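Colleague: I am new to reading structures and would love a close look at one single part. Could you pick a strand and walk me through its surroundings?

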Amino acid sequence: MVRWGIIGLGNIAKRFAKSLEYEKDGKLVAVAGKTENKRMYFKEAYKDVKVYESYDELFNDQDIDAVYIALPHRFHAKWSIRGLNKGKAILCEKPSTLNSSELGGILKCAKRNKTFYMEAMKTPFVPMFDLLKSGVIGDIKNIYAGFCSKPNVDKNSYLYNKEDGGAVLDVASYPIAFVLGILSDKKILSINKKIKKKKFDEVSIDVHFEASIKFEGDVTANIEGGIDGEKERTAIIEGTLGKMYIPIFNRPESYKVILNDGREYEEKLSLINDDMYGEIHEVHKCLALGKIESDIFPWNNSIEILKIIDHIRDI
């Protein structure tokens with residue numbers, strides 16, 4: 001039985017707690033949050049769960065094996081390291097940190113403590129994802145993936161925070177992880193990017209970005225993301241034999257293939273329970289085997305994602 005804690009009690013934490021109920025070998029033991037009404041929600045919804053105001057109290061709880069970190073981006077590094085030093089396995093929301101340098105500090109800590117760490121990237125654990133790499137459209141030549149929305153949040157949201165706000169940190173992980181997952185055997189040669197910024201109370205925030213990533217083998221990936229307008233969340237993979245269209249590409253349940261010879265067909269494969277279950281189950285499998293990183297989504301994947309994010313942000 002893996003005994004879980006959660007720090008940060010926003011909507012994503014609620015979804016995680018619900019998804020954990022599907023895991024027969026997992027149990028929510030404690031949560032911690034700074035906002036009273038969010039703590040009250042967990043007190044009422046999960047009567048047997050301990051509710052802390054202090055994150056340190058949760059990390060000092062000897063009844064906890066693993067912690068899901070659902071805090072704003074700027075707190076990921078600090079509390080991941082704090083948890084690892086306490087011997088807690090860590091599943092941290094994306095992006096794992098603000099930059100690749102911070103992530104390096106986390107991974108050194110995980111190695112030193114021989115303690116599990118993984119970024120919470122659901123896409124590679126969705127059953128449909130492996131089917132996207134089946135080769136039915138031949139050799140891949142181009143990929144497009146976009147994640148654009150207009151969140152209904154107030155000006156106090158982390159999205160408009162100078163340190164960790166903006167579209168790149170909020171959504172770039174999704175299309176980048178998708179592209180790197182599909183082109184895992186290809187080396188990146190160059191990246192060109194374009195960013196649109198907007199001022200919110202004198203703070204300049206990136207609200208939309210585009211990037212063109214050139215890979216070896218004459219393969220190109222074009223990604224975009226934004227928090228300034230809705231756009232269909234779709235990925236398109238073009239190959240030598242046809243095209244593949246993937247709706248909701250970060251947690252796909254279907255795709256459509258259009259081959260050059262005129263044939264068309266669709267494939268569907270439902271999620272197992274929901275879109276967060278797979279990453280939770282992966283943590284449980286790794287802990288049972290005594291691993292400190294996942295084979296399916298290893299540390300290097302998070303490093304490569306952040307290197308691209310660093311480039312887009314000119315870090």
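Modeller: Here is a walk around one strand, followed by the chain that holds it. This is a predicted model, in which local features need pLDDT of at least 70, side-chain atom pairs count only at pLDDT 80 or more, and totals for chains, interfaces and linings use all residues. Residues are numbered from 1 along each chain as its sequence is written, and side-chain values use heavy atoms, with hydrogens and water left out.

Let's take strand β7, residues 140–148. Strands here are DSSP runs of E with at least two residues, helices are runs of H or I with at least four, and both are numbered from the N terminus. Two strands pair if DSSP finds at least two bridges between them. One partner of β7 is strand β10 (residues 219–226), joined in the parallel sense over 7 bridges; there, Asn 142 has Thr 220 as its bridge partner. Another is strand β11 (residues 234–239), which pairs with β7 in the antiparallel sense over 5 bridges. In that pairing, Ile 143 is matched with Ile 237 of β11. A handy rule to keep in mind: in a regular strand the side chains alternate between the two faces of the sheet.

Now step back to the chain, which has 9 helices and 14 strands. Its C-alpha trace spans about 60 × 50 × 35 Å along the principal axes. Of its 315 residues, 51% count as buried (under 20% relative accessible area with a 1.4 Å probe, protein chains only; exposed is over 50%, partly exposed in between).
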